[in-house]
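Biologist: I have the model open. Could you take me through it, one topic at a time?

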Amino acid sequence: MARYVAGRLLQAAIAVFGVLTIVFVVMRFSGDPTLLLVPEGASQEYVDALRVELGFDRPVVVQYVDYLGDLLRLDFGVSVVQRIPAFDIVAARIPYTVLLAAGALFVAIGVGIPVGIAMAIRRGGWLERALAGVVLTGQSMPTFLSGILLILVFGVVLGWLPTSGAGDLDTLVLPSVALGALSMATFARMARIAIVDELGKDYVRAARARGLSLAGIVGRHVLRNAAIPVVTVAALEIGNLLAGAVIVETVFAWPGIGQLAIQSIQSRDFLVVQVIVLLISFVYVATSLLADVAYGMLDPRIRLAR
Amino acid sequence: MSEAIALALVVENLTIDIDGASVVDGVSFAVEAGEVMALVGESGCGKSLTAFALLGLLPDVATIVEGRITLDGLDLSSLSEREMQRVRGNRLSIIFQEPTASLDPLATVGAQIAEAYTVHHGVGRSLARAKARDMLVAVGIPDPDRRLTQFPFELSGGMCQRIMIAIALICAPRVLVADEPTTALDVTIQAQILDLMKRLVAERGTGIVLITHDMGVVATIADRVAVMYAGRIAEIAPVEELFARPSHPYTALLLASVPGRDQPPKQPLATIDGQVPAADRLGEGCRFVDRCPVAGDRCRSEAPPLVECAPGHRAACWHRDRVAGLAGIAA
């Protein structure tokens, strides 16, 4: 297990390094980065001065080493627009996005997994067909549309829930549902496939032959076996939730990093965008790493391997 | 009356349909306590379906359309699924062809053996664990305390089959159904597992229904044999009697096709021409008729009944008198 985790850590480190490099390359070679940072209509003198100030006139290799050094010291630069460290701007928004992602994950797992289990156990019955409709809706409705529909029904028509901004817990409900719906469908489908797959295996028949009921077999054996592929999906879904947050946060005026990303792109606050990209990439890598470790802990064939 | 008590399992006229075709047709046999009853036949003859039907574990496509299965006087066919759960693994057990796949890969073997006990006897973990340990000793697994904590992937196939036997016997069932229990194992391991089963039958008085296609296995362990062909029993007899005087042409040809030690090397083995008829092309008459070297007109039109030809020896053939000539090597 130790060797397995060490291997995954090394892979994660390589992935992070790759992301850093790609961000650097995209930033330096997609045109003059100085021009991205200045307001429209700035004078040539101002541009030249800023270029020297930010070090973009130096050789690329020097800039790259410098860039990596800055990141190692967690120095992400200063926002040209707001004149405060870019990282502080992003950090102020992180709790909101974490809260939203947690809410969405709660919806996705809390609804998706039971729905998947029910569909697998009641395969071919009316319950499966009804739930398949729910899953299909969650899966096929784009977030911006489901968000607006939710606002219309629960905010405007029924007036049950607030529709924008972040405040009490009730403000979290609609954005979480809108963001979690797609993941809910993914979890339901994955859980259903994994459980149906497990139910066809010989050990299930052997467990029945031992006198266990179907519920007993599912509870004691099948769920644990089916969890392995689902855990892997869960990790990828956390990354997808962060990506989906960009739209949901805009629709619901939720002050998280997704909304910040849109605002920063519009105001050409490039260093803030860079921090967000690095942050989301890091979360992707970290959750994948966690999934691999969880996978290893669930499966004794990996856990006990030397 | 005393005879009736000795019969642990009675199967009467069992008929199983898949898509309207009788893939098991009128199968009847009985197993006494402490007896090994072998069901022999080639792939697709219905022997495994018969085994699953005994436990009420038939796949959804197959249905029992007729017949009675009685375990110790209890009519299993009348039981609900919930009642059947109390019988499975408790009074009637089964072991399968693929022992490794039959164990949950994520649970320790100790937990799986203990589970078979707790599901039928609501006892605490430590008692079930002690019972599981006793069973590991009984099935001849050394170092039982360590083995209890191991996972199936850490054990060999033969070891896993011993675990399956431990699971099957932990509640001391009346009858154990063994569906090709040694087919997936190495030959030397096969012999060990067969010895183990033979010993446990003798010690505990458990009846065994042994499903196999291997005449060598039959000769090693069985007391009586039922030869199945295309869903019907062709012949049923005590094992020595069957090997000495096969009275159905299929049995005779089957025995003749088993290579003996005196088989000259590199010579073609004896085979039975033709193939088992497809389930949807079963005619009125004897199901072996197309491959039978002694068949006559009557065989095509009328299915032969099982008729006693010696005490305890019954065969379903109109031309039993012509079979002796076929026995060849076997005789």
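Modeller: Certainly. This is a predicted model, and its chain A has 13 helices and zero strands.

Biologist: How does the C-alpha trace of chain A extend along its principal axes?

Modeller: The trace of chain A spans about 85 × 60 × 30 Å along those axes.

Biologist: Let us turn to the two chains. How many residues does each of them give to the contact?

Modeller: Chain A contributes 22 residues and chain B contributes 27 residues.

Biologist: And how much area do chain A and chain B bury between them?

Modeller: About 2,200 Å² is buried between chain A and chain B, with 58% of it on carbon and sulfur atoms. On the side of chain A, the residues that lose the most area to chain B are A:Arg205, A:Arg208 and A:Arg210, which together make up 30% of what that side buries.

Biologist: How many salt bridges cross the interface of chain A and chain B?

Modeller: Three salt bridges are found across that interface. One of the salt bridges in the model joins the side chains of B:Glu115 and A:Arg220, at 3.5 Å from N to O. In addition, nine residue pairs are in polar contact between chain A and chain B, with both residues at pLDDT 80 or more.

Biologist: Which elements give two or more residues to the side of chain A that touches chain B?

Modeller: They are helix H9 (202-209), helix H10 (214-251) and helix H13 (300-303) of chain A. By class, that side of chain A has nine nonpolar, four polar and nine charged residues.

Biologist: Now the pockets. What volume does the largest pocket have?

Modeller: Its volume is about 730 Å³. The largest pocket has 23 lining residues, and those nearest its centre are A:Leu199, A:Val204, A:Arg208, B:Leu58 and B:Asp60.

Biologist: Which helices each supply at least two residues of that lining?

Modeller: From chain A, helix H5 (86-121), helix H8 (170-199) and H9 do, together with helix H3 (81-87) of chain B. H9(A) gives the largest share of the lining, four residues.

Biologist: What about the classes of residue in the lining of the largest pocket?

Modeller: The lining has 11 nonpolar, four polar and eight charged residues.

Biologist: Back to salt bridges. What is the count over all chains?

Modeller: The count over all chains comes to 26 salt bridges. Among them is the one between the side chains of A:Asp292 and A:Arg8, at 3.2 Å from N to O.

Biologist: Which parts of chain A does that pair tie together?

Modeller: A:Asp292 belongs to helix H12 (residues 270-298) and A:Arg8 to helix H1 (residues 2-29), so the pair links parts of chain A that are 284 residues apart in sequence.

Terms used:
Residues are numbered from 1 along each chain as its sequence is written. Chains are lettered from A and ligands numbered from 1 in the order in which they are written. This is a predicted model: local features need pLDDT of at least 70, side-chain atom pairs count only at pLDDT 80 or more; totals for chains, interfaces and linings use all residues. Side-chain values use heavy atoms; hydrogens and water are left out. Contact means heavy atoms within 4.5 Å. Buried area is the accessible area (1.4 Å probe) that two parts lose on being put together, summed over both. A salt bridge is a side-chain nitrogen of Lys or Arg within 4 Å of a carboxyl oxygen of Asp or Glu. A polar contact is a pair of N or O atoms within 3.5 Å; within protein, one must be able to donate a hydrogen and the other to accept it, and residues adjacent in sequence count only if both atoms are side-chain atoms. Ala, Val, Leu, Ile, Met, Phe, Trp, Tyr, Cys and Pro count as nonpolar, Asp, Glu, Lys and Arg as charged, and the others, Gly among them, as polar. On a 1 Å grid over the protein atoms alone, a cavity is a set of points where a 1.4 Å probe fits but cannot get out, and a pocket is an open set with protein on both sides within 12 Å along at least five of seven lines; lining residues have an atom within 4 Å of a point. Grid points are joined across faces, edges and corners, and a volume is the space filled by probe spheres set on the points.
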